[in-house]
Amino acid sequence: MPAQFDVNAAELVEFGVGLDERKTQRYVSVPTDVNVKAALREMVMATRTEMKGAGDGADYDPGEKYSSHENLRLPLSSELASHILKIHSAVNLAVEPKALSDPTNVFCYFTRMRDKKGHKLSAIRRATTFKGVLKSRLVQFSTDALKLVEDKIFKLDRDFDFIVEESGIQILRPAGFEFVGALEGAILAAVDKNANSLKADLPFVDLESIQSYAKQHPRAARYLASIRTQQETKNINKAKLKALCESTGVKVTEVKGKLQVEDGSVMDFLGVLDRRLYQVELIKDSPESFRAASRSRIGQNG
Amino acid sequence: MPHPARTEGLKIARLLMVLSSVSPLFVLWAIRGSSLVPDSYLLTFCLLLVILPNFFLWLRIEGAKKHQVKSELIVGSAEDHRDHLLVYLFAMLVPLYPIDAGTWRDLAALIAAFGFVIFLFWHLNLHYMNIIFAIRGYRVFTILPPKDDNPLSGRTSLVLVTPRTNVLPGDRIIAYRLSDTVFFEAKECQPNLTLTPLN
C-alpha cells in the first residue's frame, strides 16, 4: 500500500470550489494566500485525526446506513469512486478568483496537494457551513459595541468530508462523500449492470422484476450495488435461499424452476442476499427473524 | 462538457503589466524627445511609466512567491512563440513612426496609436511579452492542455514564462500565477510552510 501523503511535504496547495451551473458542474481553482493554505493543511490533518477517533477502518458499502462520522475506505478502482477520481485527476483547472462572487452556486470546496515526488492528495468538503454563513448575519465587536459584519465572509470548516490519495478514498462523512460523488445517480444508473452481473451467479432467480423495482427505488439500487460489491452470490444454494426466504417472511414463488419475488418483498429479498435478514433459534422451537440495519462479517472487521 | 465563456480577471493588474511590457517605448521616447513637450516633463513622464509598471510587475511576482500562489500545469503540447517577437517589435515601432512631425495633431496621433497598442495587448492577453523577461533569460511558451477524457480538466491554453529552453508534452510544471492564464516559473522557489500534526 502506498505511504500516506505527507501534508507537510506538499510543495503545492491549491484551493478550489465546485460550481453547480444548471445542468453542469465545474471545478475551478481559486487563488489563496499562505494563511488559507496553512488552514487547508490543518483541515486535512484534522480529518485524519477525526477518522482515527471514529473507530477502526471499514470498507465503504453503499447498502449501509452510516452515522455522520465514520472511518471508511473505498479503493480508487471501485466504480463508485469514478466521479471522485475525475475530480482528483483533473488537470489544469481554470483559475477563477471570482468563482465565489455568487456563493449560492458553490456546492463543495476542496484542496489539492502535490509533493515533489508527484504524489497527490485531494480533500473535499460539501459546502454547507460555507454557504450557511452567507445567509446568517454575523456580528463582531468594534470598540465596545457589536456591529453587523458587512463584508462577504467564507467560513472554512474544521475538517473535510473525505480525502483522496493513491491508496484510495478515506471517508469521514459518508453523506458528504455520497453527495459530492453523485453516488445516488451512479448507483441508479448501474442497476442494469449490477443486476446482469448477478444473473450468472443466480440463474435460478428471476431478476427482471427486481431490476425494474431497483430503477425506481434508490434504496433497492443501493442493496443491489452492495450485493455486487460484496461478491457473495457465488455458490448460493437454491434450496437454502428458498428456505431462508420462507423463514424470514420473504414471499417467493417458484415458476418453471425460477424463484420469482412478489412485488412487496423485493427489498426483503435483496436483504436476504445482502445478509441483512437472518434467523436465530436460541429458544428451542422458537425461531426468531431479524433485520440488520448494519452488518459486518465476524472475523474480518471485528 | 462545454464550459461557459468567462472573462479574464485582474483587469487593472493586466493593464499595468501591459504598460510594463511596452516600457521600452517610453525609453525610446525619452531619448528622442519632443519639440512640443519640455524635456523635464517628458523625461519625468517617461521615467514614471518605465519605473511604476515594472515595479508593479516585480511586486506581482514577489506577491505570488510570498503567498505561494502556484498552480500545477500539465503540458499536453507546448509552442515556443518566438514569432511573437515580431508582433512586439511592430507594436514598439508603430507609435514612434510620426514622432518627428512635432505638431499637436501628430502628438495626438501618436498617443492614439499608443492607446491602440495598449488596448490590443490588454484585450488579447499579450501582457506576458516583456523585454525584461527576455533580458533575464526567460522564454515564453503557450501550454495546450493534454487530450484526456476527463470532462473536469481545464481546456484553456495557458502562457508560461519559464527559464526552461524547452517544454515537453507530459511535463508537470509548478508555476506562480501572474494572471488567470499567464504563469511564471521562477528559477528558485521559497521553502514550504511546515505545520505540526494535530494530536
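In this predicted model, chain A contains an open sheet of eight strands, arranged in the order β2-β1-β5-β6-β9-β10-β4-β3 and joined by mixed pairing. The edges of this sheet are formed by β2(A) and by β3(A), which covers residues 58–59, and each of these strands pairs on one side only. Chain B has an open sheet as well, built from six strands in the order β1-β5-β6-β4-β3-β2, again with mixed pairing. The two chains also touch, with 31 residues of chain B in contact with 34 residues of chain A.

**Strand pairing in the sheet of chain A**

- Strand β1(A), residues 10–21, and strand β5(A), residues 106–115, pair in the antiparallel sense over nine bridges, and within this pairing Leu12(A) of β1(A) has Arg114(A) in β5(A) as its bridge partner.
- Strand β1(A) is also joined by seven bridges to strand β2(A), residues 24–30, and these two strands run antiparallel, with Val17(A) standing opposite Val28(A) in β2(A).
- The strands β1(A) and β2(A) form a hairpin that has two residues between them, and in its turn Arg22(A) has a positive phi of about 55°.
- On to the next pair in the order: β5(A) is joined by seven bridges to strand β6(A), residues 120–126, in an antiparallel arrangement, where Arg112(A) stands opposite Ser122(A) in β6(A).

**Helices against the sheet of chain A**

- Helix α1(A), residues 34–53, packs on the sheet and touches β1, β5, β6, β9 (162–165) and β10 (168–171) of chain A, while its direction makes about 85° with that of β1(A).
- Helix α2(A), residues 82–89, lies across β2, β5, β6, β9 and β10 of chain A, and it runs at about 120° to β6(A).

**Chain A as a whole**

- Chain A has 302 residues, of which 36% count as buried, and its secondary structure comprises 10 helices and 14 strands.
- Taken along the principal axes, the C-alpha atoms of chain A fill a box of roughly 80 × 50 × 40 Å.
- When contacts in chain A between residues at least 6 apart in sequence are considered, 65% of them join residues that are at least 24 apart.

**The sheet of chain B**

- In the six-stranded sheet of chain B, β1 and β2 (77–80) stand at the edges with a single partner strand each, so one side of each of these strands is left without a neighbour in the sheet.
- Neighbouring strands of this sheet of chain B are turned by 40° against each other on average, when direction is ignored.
- Strand β5(B) and strand β6(B), residues 182–184, pair in the antiparallel sense over two bridges, and the bridge partner of Tyr176(B) in β6(B) is Phe184(B).

**A helix pair in chain B**

- Helix α2(B), residues 23–32, and helix α3(B), residues 39–66, have axes that come within 9 Å and cross at roughly 160°; these two helices are therefore roughly antiparallel to each other, an angle over 145° being counted in that way.
- The contact is made on the α2(B) side by Ser23(B), Phe26(B), Val27(B), Trp29(B) and Ala30(B), and on the α3(B) side by Leu42(B), Leu43(B), Cys46(B), Leu49(B), Val50(B), Pro53(B) and Asn54(B).
- By class, the residues of this contact between α2(B) and α3(B) divide into 10 nonpolar and two polar, with no charged residue among them.
- The crossing of α2(B) and α3(B) is left-handed.

**Chain B as a whole**

- Chain B has six helices and six strands, and from the N terminus on its elements follow the order α-α-α-β-β-α-α-α-β-β-β-β.
- Of the 199 residues of chain B, 29% count as buried, and among its contacts between residues at least 6 apart in sequence, 69% join residues at least 24 apart.

**Where the two chains meet**

- The contact between the chains involves 31 residues of chain B and 34 residues of chain A, and on the chain B side the strands β1 (70–74) and β5 (172–177) each supply at least two residues.
- Strand β1(B) provides the largest share of the side of chain B that touches chain A, namely five residues.
- That side of chain B is made up of 14 nonpolar, 11 polar and six charged residues.

Conventions. Residues are numbered from 1 along each chain as its sequence is written. Chains are lettered from A and ligands numbered from 1 in the order in which they are written. This is a predicted model: local features need pLDDT of at least 70, side-chain atom pairs count only at pLDDT 80 or more; totals for chains, interfaces and linings use all residues. Axes are lines fitted to C-alpha atoms, for helices over the stretch in contact, and angles run from 0 to 180 degrees between N-to-C directions. Helices (H or I, at least four residues) and strands (E, at least two) are DSSP runs, numbered from the N terminus. Angles under 35 degrees count as roughly parallel, over 145 as roughly antiparallel, 65 to 115 as roughly perpendicular and the rest as oblique. A crossing is left-handed if the near helix is turned anticlockwise from the far one by less than a right angle, and right-handed if clockwise. Two residues are in contact if their C-beta atoms, placed from the backbone, lie within 7 Å. Ala, Val, Leu, Ile, Met, Phe, Trp, Tyr, Cys and Pro count as nonpolar, Asp, Glu, Lys and Arg as charged, and the others, Gly among them, as polar. Two strands pair if DSSP finds at least two bridges between them. A residue is buried if 20 or more other C-beta atoms lie within 10 Å of its own, exposed if 12 or fewer, and partly exposed in between; C-beta atoms are placed from the backbone.
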